[in-house]
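Me: I'm new to this structure and would like to go through it slowly, starting from one residue and working outwards.

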Amino acid sequence: MVGISGTGEHSFEEYNKLALDLEKQELDSPGGIASPHVYGQLLAIYLLQNDLPNAKFLWKRIPENVKQANPEIGNVWAVGQKLWNRDFPGVYLCLEQEWPEHLVSIMNVIQVVSSYGWSVDSSSKMILPKRPDSPKEQPTSSEEQLAKLTDFVSFLEN
């Protein structure tokens with residue numbers, strides 16, 4: 001099983017690769033039932049990626065006995081429910097707990113966002129994303145813009 005250590009120094013690309021690996025592990029599992037670690041990590045990564053629909057579908061297909069025997073999976077889903085309902089203060093409350101080692105690097109939001117250069121205001125408990133670098137575009141001349149506009153208008157007329 002591939003996993004991510006608890007350092008929190010990982011890129012979104014690494015989490016995307018891990019999600020693909022975990023999805024493959026779930027599909028290749030005997031009887032279609034993956035290990036609780038696979039389910040927990042995949043659910044947490046879906047939340048980190050803000051992929052709430054896939055998180056919800058994963059929650060629904062996790063066998064009930066796995067959910068009951070592994071309460072940390074339910075705790076991850078509690079965060080997902082808060083995100084789904086846009087209850088952001090509730091998200092932070094759900095995140096303030098001890099996570100098992102296989103989930104701590106994903107669920108410890110402060111470590112994850114700090115590794116992306118985001119800042120955390122501890123007094124207000126707000127995460128301040130770093131403004132993405134804007135791509136440097138070549139300036140378009142007025143003549144080029146007019147030509148594009150003309151082409152577009154003639155397309156609409158025809």
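Me: Okay, where is Arg86 found?

Reply: Arg86 is found in the loop between helix 5 and helix 6, where helices (H or I, at least four residues) and strands (E, at least two) are DSSP runs numbered from the N terminus. Please keep in mind that this is a predicted model, in which local features need pLDDT of at least 70 and side-chain atom pairs count only at pLDDT 80 or more, while totals for chains, interfaces and linings use all residues. Residues are numbered from 1 along each chain as its sequence is written, and side-chain values use heavy atoms, with hydrogens and water left out.

Me: Is Arg86 buried or exposed?

Reply: Arg86 has a relative accessible area of 63%, so it is exposed; the cut-offs are under 20% for buried and over 50% for exposed, with partly exposed in between, using a 1.4 Å probe and protein chains only. Its backbone deserves a look too, since phi of Arg86 is near 55 degrees, a positive value in a residue other than glycine.

Me: Why point that out?

Reply: Because most residues other than glycine have a negative phi. Asn50 is another residue with a positive value, its phi being near 60 degrees.

Me: And where does Asn50 lie?

Reply: Asn50 lies in the loop between helix 2, which covers 36-48, and helix 3, and with 56% relative accessibility it counts as exposed.

Me: Let me zoom out. How many helices and strands does the chain have?

Reply: The secondary structure comes to 9 helices and 2 strands, and when the chain is read along the sequence the pattern is α-α-α-α-α-α-α-α-β-β-α. The chain has 158 residues, of which 32% count as buried. As for contacts (heavy atoms within 4.5 Å), if one takes those between residues at least 6 apart in sequence, 52% join residues at least 24 apart.

Me: Back to helix 5 and helix 6, on either side of Arg86. At what angle do their axes cross?

Reply: The axes of helix 5 and helix 6 cross at roughly 170 degrees and come within 8 Å, the axes being lines fitted to C-alpha atoms over the stretch in contact, with angles from 0 to 180 degrees between N-to-C directions. Helix 5 and helix 6 are therefore roughly antiparallel to each other, a label for angles over 145 degrees, where under 35 is roughly parallel, 65 to 115 roughly perpendicular and the rest oblique. On the helix 5 side the contact is made by Ala78, Val79, Lys82 and Leu83, and on the helix 6 side by Phe88, Gly90, Val91, Cys94 and Leu95. These residues divide into 7 nonpolar, 1 polar and 1 charged, where Ala, Val, Leu, Ile, Met, Phe, Trp, Tyr, Cys and Pro count as nonpolar, Asp, Glu, Lys and Arg as charged, and the others, Gly among them, as polar.

Me: And which residues of helix 3 and helix 5 meet?

Reply: From helix 3 come Leu52, Pro53, Ala55, Lys56 and Trp59, and they meet Ile73, Gly74, Trp77, Gly80, Leu83 and Trp84 of helix 5. By class, that contact holds 8 nonpolar, 2 polar and 1 charged residues. The axes of helix 3 (residues 52-61) and helix 5 (residues 71-84) come within 11 Å and cross at roughly 140 degrees, and these two helices are therefore oblique to each other.

Me: Switching topic: what does Trp99 touch?

Reply: Leaving aside residues up to four places away in sequence, Trp99 touches Glu72, Asn75, Val76, Val79, Cys94, Val104 and Met107. Trp99 sits in the loop between helix 6 (88-95) and helix 7 (101-107), and with a relative accessible area of 9% it is buried.

Me: How far apart are Trp99 and Asn75 in space?

Reply: They are 9.0 Å apart from C-alpha to C-alpha, although 24 residues separate them in sequence. The side chain of Trp99 also reaches the backbone oxygen of Leu95, at 3.2 Å.

Me: Last one: where is Gln41 found?

Reply: Gln41 is found in helix 2, and its relative accessible area of 2% makes it buried. Among the residues that join helix 1 and helix 2 in contact, Gln41 is one of those on the helix 2 side. The axes of helix 1 (residues 12-28) and helix 2 come within 9 Å and cross at roughly 140 degrees, so this pair is oblique as well.

Technical notes. Polar contact = N/O pair within 3.5 Å; in protein donor to acceptor, adjacent residues only side chain to side chain.
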